[in-house]
Amino acid sequence: MTRLPAIRLRRGLRHALLCLSALTLPALAALPAQAAEITLKISHYLPDKHGIHTDFLEPWARELEAKTNGKVAVEILPGPSAFGNVAKQMDQVKAGVVDMANGLAGMPRGRLPRTSVMDMPFLAKTADAATRTLWDLHKEGLLADEYKGVKPLALYCHNAGLIHTTDRPVRSPDDLKGLRLRTPSPAISEAVTALGGTPVGLPPAEVYESLQKKVLDGTIFTWDAVGAFRLNEVLKYHTDARTYTTCFFFVMNEKKYESLPADVRAALDSISGDALIPKFGPWWDKWDARGMDDAKAKGHEIITLTDAERQAFADRLKPMADAWIAKLAKDDNVPNAAALYDRAKALVAKYEQR
């Protein structure tokens, strides 16, 4: 009889240990194969609901984590964070404040003059052709040292933007005379001026109110931006002239990249560069659909120019384009600007014929 309490105690202890195992083993099984040894930070300037965050950066980050079996953890710092200033993305990477960044090539203006050749009006129609062209220019060494100190993981462009107006449709170059249009880049501002319009530089977030108050007659934007800023509420006409492209960079601090273990670099390389470039065309088609579908639903007039009608704009702007290239060579220290532009045109033609 004296041994009974001890037996009960041992049984109770065994039962408690079994219960504890039942609780802890599933939790341990849910942990990654190993704790992260390396944390990488990516910054960008867009809200976390934008497609660049949800369809590109977030899946890319999770794929890198998976390919390194949890050895790498990736933290993304979107626009609303302290690291979201659009003009500071490149500086943050070079200074090592963040490890990687996705930024706008034209901000601040004048920093990447060779890359800005892709801003030329009526150069490319699609994100796919423009992106492949810009990446080829980089791989061919034609962008010189514009990305010195960083490792480009992708250089890419959006689908060509449209001319959106409130009251007057645009069907020919002459229809731009007298219109006040928000422009996305210096090259497009020059083009609008050459065609008799008045370019207005405004942050995207201020365009809605300016259109609503008739301070602007229209804007030159992508469908993606029209949807994101609800501009179809104040627009009526959309001229699909495939007017311009704007480009972006996704870069990593070069020293940080070189300091990574060989297996991590291999994993990163496998989902970047040539493996990443073909994805941007389909992504931009998806991101543009929101603005275009909304305009159709509202009964707006969408004017699609023929190749001949689009060429009429390009022909009228040839003197402006020549002057811009000359200015790029003289003022921005790009001595091969004309050859660079010609190479870009040749590459665009090749990719648009596919």
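**Exercise 1.** In this predicted model, find the strand that holds Thr219, decide whether Thr219 is buried or exposed, and list what Thr219 touches beyond four places in sequence.

*Solution.* Start with the strand: Thr219 sits in E8, which spans residues 218-221. Next, check the accessibility. The relative accessible area of Thr219 is 0%, and buried means under 20%, so Thr219 counts as buried. Finally, collect the contacts, skipping residues up to four places away: Leu162, Ile163, His164, Leu181, Arg182, Val207 and Leu231.

**Exercise 2.** Look for disulfides, then work out the handedness of what you find and which strands are tied together.

*Solution.* The cut-off for a sulfur pair is 2.5 Å. Cys157 and Cys247 pass, with S to S at 2.1 Å, and the count comes to one disulfide. Now the torsion: about the S-S bond of Cys157 and Cys247 it is about 90 degrees, so the disulfide is right-handed. Then place the ends. Cys157 belongs to strand E4 (residues 150-157) and Cys247 to strand E10 (residues 247-253), so the link ties together parts 90 residues apart in sequence. Both ends are buried: Cys157 has a relative accessible area of 0%, and Cys247 has 2%.

**Exercise 3.** Pick out the best-connected members of the largest nonpolar core, then follow Trp60 outward.

*Solution.* The core has 105 residues, and those touching the most other members are Phe56, Trp60, Leu64, Met118, Tyr147, Phe250 and Phe280. Helix H13 (residues 337-352) gives the most to this core, with seven residues. Now take Trp60: leaving out neighbours within four places in sequence, its contacts are Ile42, Met100, Leu153, Phe250, Leu268, Ile271, Ser272 and Leu276.

Methods:
Residues numbered from 1 in each chain as written. Predicted model: local features only at pLDDT ≥ 70, side-chain atom pairs only at ≥ 80, totals over all residues. Heavy atoms only, no water. Helix = DSSP H or I, 4+ residues; strand = E, 2+ residues; numbered from the N terminus. Buried < 20%, exposed > 50% of the residue type's maximum accessible area, 1.4 Å probe, protein only. Contact = heavy atoms within 4.5 Å. Core = buried A, V, L, I, M, F, W, Y, C linked by side-chain atoms within 4.5 Å.
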